[in-house]
Amino acid sequence: MSFEKEKILRLERKIEILENMVESKTRVLYQANQKLQNEKMRVGAYQKALNRSAVVCSTDLNGIIKSVNSNFCELSGYGESELIGNNINMVSSGSHEKDEFRNLWDTIKIGNIWRGELKNQKKDGSFYWVDSVILLLMSPEGEQGVDFISIAFDITDRKNAENKIEEQKVQMVRESRFSALGEMAAGIAHEINNPLTVIKTCASILNRYIGSNKLDPEKIKEHAENINQTVDRITKIIEGMKNLSREVESNERSSCGVEEILDDIFGICGEKIKSIGISLEVDVPENLKEKKISLHRIQLSQVIINLLNNSIDAIEESSSAWIKLETLLEDQKLMIRISDSGTGIPEEVQKKLFDPFFTTKKIGKGTGIGLSISKSIVDKMEGTLRLDQDCPNTCFIISVPVGELS
Ligand SMILES: Nc1ncnc2c1ncn2[C@@H]1O[C@H](COP(=O)(O)OP(=O)(O)OP(=O)(O)O)[C@@H](O)[C@H]1O
Ligand SMILES: [Mg+2]
């Protein structure tokens, strides 16, 4: 073969190899392009879905709005042209603490995602709530942030419903206090009738003495003393009523002794317990007597009364019924155990014990809110209320933090 021919053949082979290479690269490119188109379509679909469902906006690093979607305009009440170019603060409601916003900016500035609930203000002055995710969009090189993106969901309805539930809870607590008071008012007849009978009897005896001219100063002193003490007892009962009917909206603690609380409570329902024939044992250890502690006096009394009422209802018809109330101060916590002669609570009932409106009592006898309200009161005090599973009888344990004073 001539030299020239050989050269042509070699060139032809090279061209063939190059052609193959071009063909294979073209195939790869074609496939990559196909993939890109698919991804583009997918991202487009996500974007469409996101825009339909979420409230989206982007701002520059100074919070100046760069883009908003139609949901943002609809929710905030502002038109797109009113929003773009303005600071995102224009929808802020001013209801969040400065610290909350500082935390938000600190989180997103360093490239982390912030998630939280924000209360914003519409153009018409009303408020709306969003559950937001805010993040920093990085430059294509990934070196620096360029925009902030916020993707949010309107949760105004949920927030309003939550607020309503909270208001209803406050209302229920108020009503349950009054229903407890109503029960007490019925019991108060017992409480005050007895001392009144004592006063009446003493007064009649004194009257008779004076009429018969047999004036024994010692006897007169004894009866006068009896009247005095009985009036003190009535005063105590009324004091307890007054204490328990005070408004309990404020979450402030007051300083008092455990025995003072128990006086309020048993001044009101002690006689009822006695008259049903339930024996009552109250145990206050020496280290708690005369000690002043700081706690939510009225709320705690209300919880104890609810538990006592439950015990009374459970055992009032049984023979040799008893209720025991024990107190203990440990690690800045006041523990109150209320046990009764019942034989515990069946498992199916235990599961729903603290559910609102769960009751096993007859219509008109129980509404099923006593324990659920008691639990929310104790939760608010950052304490606990639970059924003691280890007790062979029925026993509830309240534990609340106290600030010890003296
Ligand atoms: N000491 C107890 N012994 C037996 N069962 C109890 C006791 N305490 C609560 N329960 C059960 O728990 C249920 C719920 O109690 P809760 O105090 O919430 O409502 P209630 O007493 O039925 O009604 P309300 O307190 O509104 O008058 C009661 O119906 C009862 O079945
Ligand atoms: Mg109850």
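**Exercise 1.** In β5, which residue is the bridge partner of valine 56? Place this pair in the pairing of strand β1 with strand β5.

*Solution.* The model is a predicted one. Step one: the partner of valine 56 in β5 is isoleucine 151. Step two: the strands concerned are β1, residues 55-59, and β5, residues 145-154, which are joined in the antiparallel sense by five bridges.

**Exercise 2.** Describe how β4 pairs with β5, and characterise the hairpin of these two strands.

*Solution.* Step one: β4 spans residues 127-138 and pairs with β5 over nine bridges, again in the antiparallel sense. Step two: a bridge partner can be named here, since leucine 135 has isoleucine 149 of β5 opposite it.

Step three: six residues lie between the strands of the hairpin, and glycine 142 adopts a positive phi near 75° there.

**Exercise 3.** Give the order of the strands in the open sheet and identify its edge strands.

*Solution.* Step one: the sheet has five strands, ordered β2-β1-β5-β4-β3, with antiparallel pairing. Step two: β2 (65-68) and β3 (114-121) are the edge strands, each of them pairing on one side only. Step three: from one strand to the next, the twist averages 30°.

Step four: β3 is joined to β4 by eight bridges, and the two run antiparallel. In this pairing, leucine 118 stands opposite valine 130 of β4. Step five: helix α4, residues 98-109, packs on the sheet and touches β3, β4 and β5. The direction of α4 makes about 30° with that of β4.

**Exercise 4.** Compare the end-to-end distance of helix α1 with the span expected for its residues, and state how many of these residues are buried.

*Solution.* Step one: α1 comprises 51 residues, 3-53, and at 1.5 Å a residue the helix should span 75 Å. Step two: the C-alpha atoms at its ends lie 74 Å apart, which agrees with the expected span. Step three: a residue counts as buried if 20 or more other C-beta atoms lie within 10 Å of its own. The count of buried residues in α1 is zero, and the helix is hardly covered.

**Exercise 5.** Analyse the shell of residues around ligand 1 by proximity, composition and contributing helices.

*Solution.* Step one: 21 residues surround ligand 1, and those that come nearest are Asn310, Thr359, Gly366, Gly370 and Leu371. Step two: the shell divides into twelve polar, seven nonpolar and two charged residues. Step three: α8 (297-315) and α10 (370-380) each supply at least two residues of the shell. The largest contribution is that of α8, with four residues.

Notes. Residues numbered from 1 in each chain as written. Chains lettered and ligands numbered in written order. Predicted model: local features only at pLDDT ≥ 70, side-chain atom pairs only at ≥ 80, totals over all residues. Expected span 1.5 Å × (residues − 1). Buried ≥ 20, exposed ≤ 12 C-beta atoms within 10 Å, placed from the backbone. Pairing = 2+ DSSP bridges. Near = placed C-beta within 6 Å. Nonpolar A, V, L, I, M, F, W, Y, C, P; charged D, E, K, R; others polar. Axes fitted to C-alpha atoms, helices over the stretch in contact; angles between N-to-C directions. Contact = placed C-beta atoms within 7 Å.
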